[in-house]
Amino acid sequence: MKKVSIIDVAKLAGVSVSTVSLVLRQKGKISAQTIEKVKEAITELGYVHNVAAANLRANTSNLIGLIVRDFSDTFNLKVITSIVQALEQQGYMVFLAHPQDDEERLVQCLLSFSRQGVAGVIYLTANATRLTLPDPVRHCSLPLVTVSQAMIEGQYDLVMRDNRQAAAQATRYLIERGHRNIAYIGGEESCQIRAQRLAGYRMALQHYGLPYKEEFTPSCQEETNAARLATRRLLESNNKITALLCHSSHAIIGCLNGIHQVGRTVGKDVFLTQQVSLLGFEDMLQINLSSPSFTYVSSASDETGRQAAALILRKIQQSDLPPQRIVVSGELVLRESG
């Protein structure tokens with residue numbers, strides 16, 4: 001069977017080859033009627049557009065490299081989904097790489113991207129303990145956008161969560177509901193996300209004339225049992241605490257267990273001395289299935305992904321665009337725990 005060509009499509013549709021090409025590339029000002037005729041011809045003939053060959057001829061690419069450091073992180077998974085959806089809507093395809101913490105593998109990923117002719121790279125880091133990007137990423141010659149949950153030093157194109165705003169918003173909400181003794185549970189001392197949230201927490205306390213107490217912000221390992229022990233110790237030594245900000249999903253589950261172990265309950269009524277309000281910082285399926293349902297500040301993962309996709313496309317189209325830093329804020333979602 002003879003292979004169908006773009007010439008065959010043009011003949012059947014009664015238009016020029018260049019018009020068919022513009023329709024395929026979604027370029028130019030083509031009437032809706034002409035576009036429909038071309039699409040009908042493509043369907044009737046079974047024509048398959050070779051995008052790779054077209055990109056090679058035009059010296060362009062519809063491929064974006066996406067480097068993911070951690071697939072176990074809920075925020076990352078949601079951001080990946082949002083990035084892929086946003087890029088596919090613009091006619092781009094995603095190459096996924098997972099070098100983990102191996103710098104040599106990271107170098108090979110970037111080299112492979114270059115050989116495959118990707119137009120740009122999105123680097124999704126989940127390392128909240130370092131303020132700098134890995135050397136291979138910093139020296140990448142391709143258009144590059146970094147997505148991070150914490151601040152990154154240097155002049156790079158960056159899309160990140162506003163951790164300070166999230167904690168300040170959550171703390172203000174609790175204070176306005178009557179809470180005066182609010183604690184923050186979880187996160188290791190080296191965690192930049194924790195540091196940024198504590199800054200927002202402290203800022204909100206100061207705004208309302210409340211003291212910041214170091215003993216109200218215990219750090220612990222990122223595991224449920226560590227958060228349980230930290231919560232139990234804190235509540236046993238400070239029985240006036242009526243609200244907890246939970247660093248992560250592990251902290252939420254650990255706090256829930258620790259609260260029950262000291263004979264208190266989870267709830268949002270500050271006037272019931274046995275109740276402790278809980279607030280988290282992202283929406284998680286395993287938490288949503290619990291009772292009570294948890295109040296949280298959303299991670300804005302969908303918007304983060306959309307912003308990253310839009311920024312890499314701007315960088316591809318405008319190579320001289322100065323570095324941009326986009327900070328995405330979450331929203332407070334009110335439920336039963338706070």
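How many bridges pair strand β1 with β2, and in which sense, parallel or antiparallel?

## Sheet

Strand β1, covering residues 63-68, pairs with β2 over five bridges, and the sense is parallel. The structure is a predicted model. One of the bridge partners can be named: leucine 63 is matched in β2 by methionine 93.

The wider arrangement is an open sheet of six strands, which runs in the order β2-β1-β3-β4-β5-β11 with parallel pairing. Strands β2 and β11 (325-328) are the edges, each pairing on one side only. From one strand to the next, the twist averages 20°. In general, strands of a sheet are held in pairs through backbone hydrogen bonds, in either a parallel or an antiparallel way.

## Helix on the sheet

Helix α6, residues 103-116, packs on the sheet and touches β1, β2 and β3 (120-124). The direction of helix α6 makes about 170° with that of β1.

## Nonpolar surface patch

Strand β2 spans residues 93-97 and contains leucine 96. Leu96 also belongs to a nonpolar patch on the surface, together with Phe71 and Leu77. The accessible area of these three residues together is about 250 Å².

## Salt bridges

The model has five salt bridges. Among them is the one between arginine 138 and aspartate 135, whose closest N and O atoms are 2.1 Å apart. The two residues are three positions apart in helix α7 (residues 135-138), so about one helical turn separates them. Arginine 138 has 33% relative accessibility and therefore counts as partly exposed. Aspartate 135 is likewise partly exposed, at a relative accessible area of 37%.

A further salt bridge joins the side chains of glutamate 236 and arginine 232, with an N to O distance of 3.0 Å. Both residues lie in helix α10 (residues 224-237), four residues apart, which is about one turn of the helix. Arginine 232 counts as partly exposed, with 32% relative accessibility.

## Salt bridge in helix α13

Glutamate 303 and arginine 306 also form a salt bridge, and their closest N and O atoms are 3.1 Å apart. Helix α13 (residues 301-317) holds both, three residues apart, about one turn of the helix. Are these two residues buried or partly exposed? Glutamate 303 has a relative accessible area of 28%, and because the partly exposed class lies between 20% and 50%, glutamate 303 is partly exposed. Arginine 306, at 43%, is partly exposed as well.

Conventions. Residues are numbered from 1 along each chain as its sequence is written. This is a predicted model: local features need pLDDT of at least 70, side-chain atom pairs count only at pLDDT 80 or more; totals for chains, interfaces and linings use all residues. Side-chain values use heavy atoms; hydrogens and water are left out. A salt bridge is a side-chain nitrogen of Lys or Arg within 4 Å of a carboxyl oxygen of Asp or Glu. Buried means under 20% relative accessible area, exposed over 50%, partly exposed in between (1.4 Å probe, protein chains only). Patches are made of residues with over 30% relative accessible area and no salt bridge: like charges are joined within 9 Å, nonpolar side chains (Val, Leu, Ile, Met, Phe, Trp, Tyr) within 5 Å. Accessible areas come from the Shrake-Rupley method with a 1.4 Å probe; for residues, only the protein chains shown count as cover. Two strands pair if DSSP finds at least two bridges between them. Axes are lines fitted to C-alpha atoms, for helices over the stretch in contact, and angles run from 0 to 180 degrees between N-to-C directions. Contact means heavy atoms within 4.5 Å.
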